[in-house]
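Q: Please take a close look at one part of this structure, the place where the metal ion is held, and describe its surroundings in a connected way.

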Amino acid sequence: MTASAISCIPLPQSEPRRLTILGATGSIGRSTLDVVSHHPGKFEVVALVGNSNIKLLAEQARAHNAKLAVTADETKLEALREALAGTDVEVAAGQSAVVEAAQRGADLVMAAIVGAAGLEPTLAAVRAGAAIGLANKECLVSAGDLFMSEAKTYGVDVLPVDSEHNAIFQVLDNNNLDQISRIILTASGGPFRTWSLEEISKATTEKALKHPNWDMGPKITIDSASMMNKGLELIEAFHLFPASIDQLDVLVHPQSVIHSMVEYEDGSVLAQLGSPDMRTPIAYSLAWPNRIFSPSPRLRLEEVQTLTFEAVDDQRFPSISLCRETLRQGHTAPTILNAANEIAVEAFLSKRLSFQ
Ligand code: NAD
Ligand code: MG
């Protein structure tokens, strides 16, 4: 068993809590700022980092009174400067500015850049001693051992934002971590859950981008259609929680109401439930070890009525087994898989590659 790097001793929390968001203009970044906007005075926005959407980045920086706004795209510096003219917001651009922003005195850094591009700035935030709200699962898939060992060395809390890992974090019995018998990650099954292999092989980008339950950025939506997302999450769970590869299971649960479960040696299974809305796990990570209001819809089980479960079909969705295999191989196998997947998803999104 690996040891969990999440400390069970709550950090003393300063208020307002100084917050930096890497990937502020994306789906997780926007949801994070939405939660923050419901809590005036509770958070102080230090830095907002985005890429090409300068208009939105500037709007966010103005609305949240950010100290610093950074675009990763060096060619967009002037546009950002113009968009923030007449404000006190400092502006910067380029990869080194992104890393510098990640180190800029925040209590909590929300790591919400998509893909391995998030690794360098998120590691920089760890080394600067900030707690990490970790949405960017590719950090752990591509460099899980290094990332968690640096988190331990610098004594920082890694708070899982991914809904499954956040659910597990919420139901983890910290006094009995050695009594965990199984961690069960739930999966919606994505838009092709009921499709035949033949239909899946002809899937279009438009169909793959239509997730039945979650509204997310394009890369993770495609990963959900191939169920690679669940495989990446298996690797993520391996690094976050004290479980061996064989103790990590995946269960298809199309309603996305149970966000994951932990089974203990005594037969108890603890689950976290909620409507499928990332603002709940985001709120939990922003306020941990406390809880704050989130504007996500309340779960009404009388409306949901039925919760169903299915085993994963490895024939139609081989990516989960593939990820499990890379964990067994260890070393750089998960890193290589992550890189190959990023390239394949990008090629599929730009219609240069078919789905299978
Ligand atoms: P997104 O595509 O909506 O947003 C990505 C953000 O990263 C944007 O702000 C973009 O400007 C920024 N970005 C992209 N490339 C960059 C670069 N090279 N340098 C700096 N910034 C860059 O993605 P998302 O759906 O918000 O997902 C973000 C991360 O969170 C992913 O790792 C994803 O797997 C994870 N996640 C997302 C969800 C969700 O509901 N969206 C749920 C769980 C986990
Ligand atoms: Mg998830």
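A: The account below begins with the metal site and then turns to ligand 1 and a pocket.

The model is a predicted one. In it, the magnesium ion (ligand 2) has three protein residues as donors: Asp162 through OD, and Glu164 and Glu233 each through OE, at 2.1 to 2.2 Å from the ion. Along the sequence, these donor residues follow the spacing D-x1-E-x68-E. Asp162 belongs to the loop between strand S7 (158-160) and helix H7 (163-171), while Glu233 belongs to helix H11 (residues 228-240), so this pair ties together parts that lie 71 residues apart in sequence. Both Asp162 and Glu233 are buried.

The second molecule to consider is ligand 1. There are 23 residues around ligand 1, and those that come nearest are Thr25, Ser27, Ile28, Glu138 and Gly217. Gly217 also places a backbone N or O atom 2.9 Å from an oxygen atom of ligand 1. For Asn51, a backbone N or O atom is found 3.1 Å from an oxygen atom of the ligand. Asn136, by contrast, uses an N or O atom of its side chain, which lies 3.3 Å from an oxygen atom of ligand 1.

Finally, the second largest pocket holds about 360 Å³ of space. Its lining consists of 20 residues, and Ser226, Met228, Asn341, Ala344 and Phe355 are the ones nearest its centre. Helices H10 (218-226), H14 (319-329) and H15 (333-349) each contribute at least two lining residues, and H15 gives the most, with five. By type, the lining comprises 13 nonpolar, five polar and two charged residues.

Terms used:
Residues are numbered from 1 along each chain as its sequence is written. Chains are lettered from A and ligands numbered from 1 in the order in which they are written. This is a predicted model: local features need pLDDT of at least 70, side-chain atom pairs count only at pLDDT 80 or more; totals for chains, interfaces and linings use all residues. Side-chain values use heavy atoms; hydrogens and water are left out. On a 1 Å grid over the protein atoms alone, a cavity is a set of points where a 1.4 Å probe fits but cannot get out, and a pocket is an open set with protein on both sides within 12 Å along at least five of seven lines; lining residues have an atom within 4 Å of a point. Grid points are joined across faces, edges and corners, and a volume is the space filled by probe spheres set on the points. Helices (H or I, at least four residues) and strands (E, at least two) are DSSP runs, numbered from the N terminus. Ala, Val, Leu, Ile, Met, Phe, Trp, Tyr, Cys and Pro count as nonpolar, Asp, Glu, Lys and Arg as charged, and the others, Gly among them, as polar. Donors are N, O and S atoms within 2.8 Å of the metal (3.2 Å for Na, K and Ca); water is not among the atoms, so sites may look incomplete. Buried means under 20% relative accessible area, exposed over 50%, partly exposed in between (1.4 Å probe, protein chains only). A residue is near a molecule or strand if one of its heavy atoms lies within 4 Å of it. A polar contact is a pair of N or O atoms within 3.5 Å; within protein, one must be able to donate a hydrogen and the other to accept it, and residues adjacent in sequence count only if both atoms are side-chain atoms.
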